[in-house]
Amino acid sequence: MLGCDIGVLFKVTVAGGSYQDGNTTHIQGIPPGVWITEEQIYSDLLLRKPGQDELTSPRREPDIPIIYSGINAADTMPGFSNKGLTNGTPMVILIPNMDRHFEHIDAYQKTNRSPRPGHASYASYQKYGECDDAIGAGIFSGRYTCTIVAAGVVAKQILKRHGIEVTGYIREAAGVRAQDMPIEAIRQRVTAFRTMRKKHDPVYDIMFGQGRIRPEMRLLEKMAVLAEFEPQIPELYARGKKMDEAAIRKEYGVHPKLNCPDIEAADEMYRRIMEITKDGDSSGGLVEVVATGLPAGMGEPVFRKLDGELGKMMSIAAVKAIEIGDGFKVKDRRGSECNDQMYGVIDDVSGSKEVCFKSNHAGGIVGGLTTGQPIVVSLAVKPTPTIGKPQSTIDKISHETMILDAVTRRDPTIVPRVWPVAEAFVSIILLDHYMQHRAYQGM
C-alpha cells in the first residue's frame with residue numbers, strides 16, 4: 001500500500017487498521033533534545049478517541065500510546081542530562097487496538113458483502129479484492145487518525161519552541177455556525193476545554209495520574225500494564241467519570257462535549273445533532289484551524305504551494321473540502337472586497353519597520369507563500385456514512401441490489417473528533433515547511 005507518508009524534512013509514515021493489532025506512527029526529522037512522553041501524546045489522543053459520550057461511537061478504545069524508539073533510554077555520559085530526550089533518530093509510536101472483540105468482528109463479517117453507501121468499503125474492495133482489510137474498514141476507518149494526532153503532538157512541541165502556535169476548534173455543526181471571535185479568546189476556551197477533558201478522562205487518571213505508565217519503563221513493562229488493563233476497559237467506561245455539566249460550565253466556561261468557543265452556538269449544535277440522531281441519521285460540520293507566529297515568505301511555488309500542501313488534509317477521513325481564508329466565498333466578491341490591503345508602520349524611536357494588513361481574506365497565504373498573518377484553514381466534514389436508516393446498496397460479489405440496515409457501531413457526527421486531527425495535520429505540514437524555509441534562508 002502506497003500513500004501512507006507525508007513530508008520532506010519532517011516525514012511521517014503511518015500504518016495499521018481498525019481491527020489489526022494496532023496503529024503505528026513513524027517520524028523522521030525530529031531534532032535532538034526535545035522532551036516527548038506518552039502522557040503528552042495521550043493528552044491529545046483523548047480528545048479524538050471514541051466512547052466518551054453520546055456524540056461519538058461507543059467503541060471503547062483507550063488510545064494509550066507507547067513510544068518505541070527515538071529517545072534516549074538513559075543519560076549517555078557522566079554529567080549529561082539527556083535521558084528521555086529525542087536523539088535525532090526516527091521516533092516510532094505504537095497505539096494498540098484494545099476494543100476489537102469477536103461480537104463486533106462477527107457483525108462486520110455479516111455485513112461486509114453489502115458496502116455502506118458513502119463509505120470506502122466498495123472502492124477498497126475493488127482495489128484490494130478478497131484480501132481487503134474490511135473488518136471495521138481497516139485503514140479507511142477514522143481509527144487511523146490516531147496516528148496523525150500522535151505525530152501532531154511532536155510537531156506542535158517543536159513549533160512552540162519557535163513561537164508558532166496551532167489551534168483547532170469546531171466552527172460549525174449540524175447547520176449551526178459559531179460567531180467570529182478573536183483568536184486569543186478562542187485559544188483561551190480551547191485550552192480550558194483540553195484541561196476539562198483531561199480531568200474527566202478515567203484512562204488518563206489511571207495510566208498517567210497514578211503513574212502506571214512512566215517514561216523510564218521498558219517496552220515490555222508498559223505492554224504488561226496494557227495487558228492487565230485491557231479486561232478492565234468495559235467496566236471502566238461503563239462507570240466512567242460522570243460530568244457535572246453545570247459545574248463544568250461554571251468552572252471552565254466551556255461546553256462539556258463540543259470544543260466550540262461560542263457556548264451558545266455549541267448548545268444549539270448539540271441540540272440539533274441529537275435531534276438528527278434520534279431520527280436515525282447523522283450530521284456534518286466545519287472545523288477551523290488557525291496558526292500564528294509563522295514568518296512571511298514560507299512555502300514553495302507551483303506544485304508545492306503551502307495552500308496546496310494544506311489541501312492534503314482531504315486525506316482525513318470524512319473531509320470533503322478545504323478552504324483557506326475566505327475559501328468558496330471569494331467567488332461572489334469583487335477584487336476590492338477580496339484583496340488584503342497593506343500599510344507600513346515605522347517606529348519613530350527605534351526606526352523599526354512593520355508591514356500590516358487591513359484584513360485577512362487570503363487566510364495568511366498568497367502565491368503559495370505565507371504573508372506573516374494568521375493562517376486560517378477550514379475543513380468541511382461530511383455526515384457519518386453509517387446511519388440508522390435503510391439504504392440501497394449492492395452485494396459486493398454478485399452485484400445484486402439489496403437493502404442495508406446499519407448494525408455496526410457509529411458516530412452520530414464525526415465533527416467533535418476531527419478537530420484534533422485537523423490541528424495535528426496542520427502542525428505536521430507547517431513544521432515540514434518551516435524546516436525547509438529555515439534551511440533555505442540559512443543558505
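## Exercises on a predicted model

**Exercise 1.** In this predicted model, I30 touches F10, T86, G88, M91, V154 and I158, leaving aside residues up to four places away in sequence. Work out where I30 is found, and whether it is buried or exposed.

*Solution.*
- Start with the position: I30 is in the loop between strand 3 (22–28) and helix 1.
- Next, check the accessibility. The relative accessible area of I30 is 4%, and the cut-off for buried is under 20%, so I30 counts as buried.
- Now pick one of its partners, V154. I30 and V154 are 124 residues apart in sequence, yet 8.0 Å separates their C-alpha atoms in space.
- To put that pair in context, look at the contacts in the protein chain between residues at least 6 apart in sequence: 73% of these join residues at least 24 apart.

**Exercise 2.** Take D63 and A174, and find the sign of phi in each, then place both residues in the chain.

*Solution.*
- Begin with D63: its phi is positive, near 55 degrees, and the residue is not a glycine.
- D63 belongs to the loop between helix 1 and strand 4 (66–69). With a relative accessibility of 0%, D63 is buried.
- Move on to A174, another residue that is not a glycine but has a positive phi, here about 50 degrees.
- A174 lies in the loop between strand 6 and strand 7 (176–177). Its relative accessible area is 13%, so with a cut-off of under 20%, A174 is buried.

**Exercise 3.** Why can helix 6 (residues 202–209) be called largely enclosed by the rest of the structure?

*Solution.*
- List the buried residues of helix 6: P202, V203, Y204, I206, M207 and F208.
- Compare with the length: six of the eight residues in helix 6 are buried, so the helix is largely enclosed by the rest of the structure.
- Then ask what does the covering. The buried residues of helix 6 have helix 1, helix 5, helix 7 (219–229) and helix 8 (233–239) among their cover.

**Exercise 4.** Describe the second largest pocket by its volume, and find which element gives the most to its lining.

*Solution.*
- The volume first: about 610 Å³.
- Then the lining, which has 21 residues; D44, K156, K160, R194 and E423 are the ones nearest the centre of the pocket.
- Sort the lining by element. Two or more residues each come from helix 1 (38–48), helix 4 (145–161), strand 6 (165–173), helix 5 (183–199) and helix 13 (415–442). Helix 5 contributes the most, with six residues.
- Sort again by class, and you get nine charged, seven polar and five nonpolar residues.

**Exercise 5.** Zoom out to the protein chain: how many helices and strands does it have, and how does its radius of gyration sit against the globule rule?

*Solution.*
- Count the secondary structure: 13 helices and 16 strands.
- Set the two radii side by side. The radius of gyration is 23 Å, close to the 22 Å that the globule rule gives for 443 residues, so the chain is as compact as a globular protein of that length.
- Add the outline: along the principal axes, the C-alpha atoms fill a box of roughly 75 × 65 × 50 Å.
- Finish with burial and surface. Of the 443 residues in the chain, 51% are buried. The chain exposes about 20,900 Å², and carbon and sulfur atoms supply 54% of that area.

Definitions and conventions. Residues are numbered from 1 along each chain as its sequence is written. This is a predicted model: local features need pLDDT of at least 70, side-chain atom pairs count only at pLDDT 80 or more; totals for chains, interfaces and linings use all residues. Side-chain values use heavy atoms; hydrogens and water are left out. On a 1 Å grid over the protein atoms alone, a cavity is a set of points where a 1.4 Å probe fits but cannot get out, and a pocket is an open set with protein on both sides within 12 Å along at least five of seven lines; lining residues have an atom within 4 Å of a point. Grid points are joined across faces, edges and corners, and a volume is the space filled by probe spheres set on the points. Helices (H or I, at least four residues) and strands (E, at least two) are DSSP runs, numbered from the N terminus. Ala, Val, Leu, Ile, Met, Phe, Trp, Tyr, Cys and Pro count as nonpolar, Asp, Glu, Lys and Arg as charged, and the others, Gly among them, as polar. The radius of gyration is taken over C-alpha atoms; the globule rule is 2.2 Å times the number of residues to the power 0.38. Buried means under 20% relative accessible area, exposed over 50%, partly exposed in between (1.4 Å probe, protein chains only). Contact means heavy atoms within 4.5 Å. Accessible areas come from the Shrake-Rupley method with a 1.4 Å probe; for residues, only the protein chains shown count as cover.
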